[in-house]
Each structure stands twice: as C-alpha cells, then as structure tokens.
Amino acid sequence: MGEGNQTSVAEFILLGLSQDPKTQVLLFCLFLITYLLSIFGNLLMIMLIQTDSRFHTPMYFFLKNLSFADLCFSTSIVPQMLAHFLVKKKTISFAGCSLQIVVFLLAGCTECALLAVMSYDRYVAVCKPLHYSTIMTRRVCVQLAVMSRISGAFACSVDSAFTLCLPYQGQNVINHYFCEPPALLKLASADTYNAEMALFSMGVIILLAPVSLILVSYWHIVSTVIQMQSGEGRLKLFSTCGSHLTVVVLYYGSGIFAYTRPNSKAMNEKDKVISVFYSVMTSVLNPIIYSLRNKDVKGALRKLAGR
C-alpha cells in the first residue's frame with residue numbers, strides 16, 4: 001500500500017519480535033511451551049476450584065474468574081503470534097486486528113478489576129475475620145465479579161472505539177507482534193490526540209485506580225499482620241497475600257508503563273519486551289504462583305494425580 005493510496009487499509013503487517021529466522025524458531029518453541037503451560041495451568045485451576053468443595057470460597061471464586069480471563073487474554077494474542085513465527089509475511093486483516101484488540105482489552109481490563117477485588121477480599125479476610133462470612137457472601141462475590149466485567153467492558157469499549165474509528169490509509173506496517181492500541185495509533189491518517197488522551201484516561205481509571213485500592217488494602221493487611229502474636233499465623237497470611245501481590249506487581253507494573261505515559265512516536269524493542277510480560281507471561285505465572293504457594297492446591301493436585 002503506497003503512501004498516496006487513500007483507500008482504507010484492508011490488512012496490517014506485523015513486524016513481530018524478531019526478523020532473524022533462527023531467532024523466530026527459538027521464540028516459537030519458547031512461546032509454544034509458555035502458551036501450553038498457560039492453557040494447562042489455568043484450565044487445571046478452574047477444574048480444581050469447580051470440583052473440589054474445599055475451594056468453594058470467595059478467594060477461589062475470584063481466582064477461577066481470573067484464570068478464565070487469563071485464558072481469553074493469552075488466546076487472543078499467542079496463537080496468532082505463533083503462526084507468524086512460521087511464515088514470512090506476517091499479516092492480519094483489519095477485522096482480525098479489531099477482534100484481537102477488543103478481546104485483549106476486555107480480558108485485560110477485567111483482570112485489572114479482578115486483582116483489585118481480590119485484594120479487597122484478602123483485606124476483609126485478614127482485618128475483619130469475624131465478619132468475613134457476612135460481608136463476602138455468595139451474592140456479593142457474584143456482584144463484584146460482574147462489576148469487574150462491566151468495568152472491563154467499559155474501558156474496552158472506550159479504548160477500542162477511539163482506536164478503531166480513526167482512518168487508516170497508506171501505512172500498514174505495525175512495529176509490534178500483535179494489534180495493540182498504542183502501536184496501531186501510530187499508523188492513523190488523522191490527528192490521534194483525542195485517542196491518546198482516551199487511552200491515557202482509561203489507563204489511569206483501570207490501572208492506577210485499582211492499584212490505589214490494592215495499596216490501601218495491603219497497608220491495612222500488613223498493619224494487622226504485624227500486630228499478630230502468632231508467628232505461624234503471620235507466615236501463613238504473608239504467604240497467601242504474597243501470591244496475590246507478586247501477580248499484581250508483574251501485571252500492573254508492565255501495564256502501567258505501557259498505558260499511562262505519553263504516547264511516543266516509535267514503538268521500540270523495549271516496549272515490545274515489556275508487552276510480553278502482561279500479554280503472555282502473567283497468564284502462565286498466575287496458576288504457578290497461586291498453586292506453588294498454596295498447600296490446599298498442592299494437596300488437591302496430589303489427590304488428583306493419585307486417582
């Protein structure tokens with residue numbers, strides 16, 4: 001598509017993570033293993049939580065929702081990326097690019113809200129243990145999960161509308177490995193200021209607002225744990241909350257870097273590597289982090305393996 005062609009772009013070319021054929025084969029193997037682990041780990045978490053009565057608690061209810069969001073999140077990106085490692089021309093249609101953006105944003109923004117909800121659940125469990133069962137009822141848990149999805153859908157609709165309603169004519173080469181709004185905006189044939197501000201605003205709402213809630217929750221949790229007399233009780237609580245906090249740091253840290261800074265005119269290699277953390281790595285790390293640091297999950301896995 002030439003620079004003078006004013007017809008709308010029908011497809012985009014993705015440059016990917018590397019142009020070197022040998023590196024692409026290596027990356028294909030690495031991301032295939034990562035994706036299979038992500039699918040297996042999250043499906044296993046969902047199955048365990050669904051079938052084992054020990055996990056019919058608010059914390060695991062939210063973890064099941066998180067695992068489902070992770071499945072959608074990684075599946076919207078990784079299969080396409082794997083296919084592109086094996087072909088010379090890495091193209092994606094405008095419709096395919098639009099669908100990828102919508103699913104990626106919907107799952108990603110929902111996950112942001114869910115992580116904040118999970119921090120509130122831990123806050124109630126640690127700081128208000130006597131009232132936990134009356135506060136975190138089944139109805140409240142369902143309402144919080146639904147609100148997470150509604151907030152995710154709202155942020156997704158704003159970001160995708162501002163990004164996809166812009167005209168794309170002429171340039172069609174995206175310096176990225178998937179269709180992500182900041183990378184796509186660089187190819188728009190019109191002023192992108194409003195779209196950039198919309199992305200920044202949604203980034204603040206869906207990233208910084210939940211992070212603030214998480215920090216407040218953990219401030220109260222740490223204050224409560226420090227006052228505990230039992231060393232064993234402290235260790236157990238730090239272990240449970242530590243799993244959640246590890247996921248939060250990995251996911252929000254990379255996401256905030258990408259979505260709450262001024263939109264630079266060039267997507268560099270550092271930006272692409274940081275995108276790998278929140279688009280690929282967290283979905284495989286979530287089930288590993290939660291299962292390795294949890295005796296109940298490890299016990300359920302041993303029980304399942306012993307059958």
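**Entry 1. Annotated spans**

I began with the UniProt record, an unreviewed entry, which lists residues 25-48, 68-87, 99-120, 197-221, 233-253 and 273-292 under "transmembrane region". I then turned to the coordinates, noting that the model is a predicted one. For residues 25-48 I found 100% helix and 0% strand, with the end C-alpha atoms 34 Å apart. For residues 68-87 I found 80% helix and 0% strand, and an end-to-end C-alpha distance of 30 Å.

**Entry 2. The chain as a whole**

I counted the secondary structure next: the protein chain has 11 helices and three strands. In sequence order I read the pattern as β-α-α-α-β-α-α-α-β-α-α-α-α-α. Of the 307 residues in the protein chain, 48% are buried. I also looked at contacts between residues at least 6 apart in sequence, and 80% of these join residues at least 24 apart.

**Entry 3. The sheet**

In what order do the three strands of the sheet lie? I recorded an open sheet with the order β2-β1-β3 and mixed pairing. The edges are taken by β2 (91-93) and β3 (173-174); each has a single partner strand, so one side of each has no neighbour in the sheet.

I followed the two pairings separately. Strand β1 (residues 11-14) runs antiparallel to β2, and three bridges join them. Within this pairing, Phe12 stands opposite Ile92, and Ile13 stands opposite Thr91. I noted that helix α4 (residues 94-127) packs on the sheet, where it touches β1 and β2. The direction of α4 makes about 85° with that of β2.

On the other side, β1 and β3 run parallel and are joined by two bridges. Here Ile13 stands opposite Val173 in β3.

Which residues of β1 form its covered face, and which its uncovered one? I assigned Phe12 and Leu14 to the covered face, and Glu11 and Ile13 to the uncovered one.

**Entry 4. Helix α2**

I checked the length of helix α2 (residues 58-75) against expectation. Its 18 residues reach 26 Å from the first C-alpha to the last, close to the 26 Å expected at 1.5 Å a residue. The helix is mostly covered, with 14 of its 18 residues buried.

**Entry 5. Aromatic pairs**

I searched for ring pairs and obtained a count of 10 aromatic pairs. I examined Phe31 and Phe85 in detail: the ring centres are 6.0 Å apart and the planes meet at 20°, so this pair is stacked. The pair links distant parts of the chain, since Phe31 belongs to helix α1 (residues 21-51) and Phe85 to helix α3 (residues 78-85), 54 residues apart. Are the two rings' residues buried or exposed? Phe31 is buried at a relative accessible area of 6%, and Phe85 is buried at 8%.

I then took up Phe73 and Phe104, whose ring centres are 5.3 Å apart with planes at 20°, so that this pair is stacked as well. Phe73 sits in helix α2 and Phe104 in helix α4, so the pair ties together parts of the chain 31 residues apart in sequence. I entered relative accessible areas of 1% for Phe73 and 4% for Phe104; Phe73 is buried, and Phe104 is buried. Tracing the ring pairs further, I found that they link Phe73, Phe104, Tyr177 and Phe178 into a cluster.

**Entry 6. Two positions in helix α8**

I selected Ser217, which lies in helix α8 (residues 193-226). Ser217 has 3% relative accessibility, and because buried means under 20%, I class this residue as buried. What does Ser217 touch, leaving aside residues up to four places away in sequence? I listed Ser119, Tyr120 and Tyr123.

I also selected Ala198, likewise in helix α8. Ala198 is buried, with a relative accessible area of 8%. Not counting residues up to four places away in sequence, Ala198 touches Val158, Asp159 and Phe162. How far apart in space are Ala198 and Ser160? I noted 9.9 Å from C-alpha to C-alpha, across 38 residues of sequence.

Notes: Residues numbered from 1 in each chain as written. Predicted model: local features only at pLDDT ≥ 70, side-chain atom pairs only at ≥ 80, totals over all residues. Heavy atoms only, no water. Pairing = 2+ DSSP bridges. Helix = DSSP H or I, 4+ residues; strand = E, 2+ residues; numbered from the N terminus. Contact = heavy atoms within 4.5 Å. Axes fitted to C-alpha atoms, helices over the stretch in contact; angles between N-to-C directions. UniProt positions renumbered as here; feature names shortened; annotations may be inferred. Expected span 1.5 Å × (residues − 1). Buried < 20%, exposed > 50% of the residue type's maximum accessible area, 1.4 Å probe, protein only. Phe/Tyr/Trp six-rings, centres within 6.5 Å; stacked < 30°, edge-to-face > 60°.
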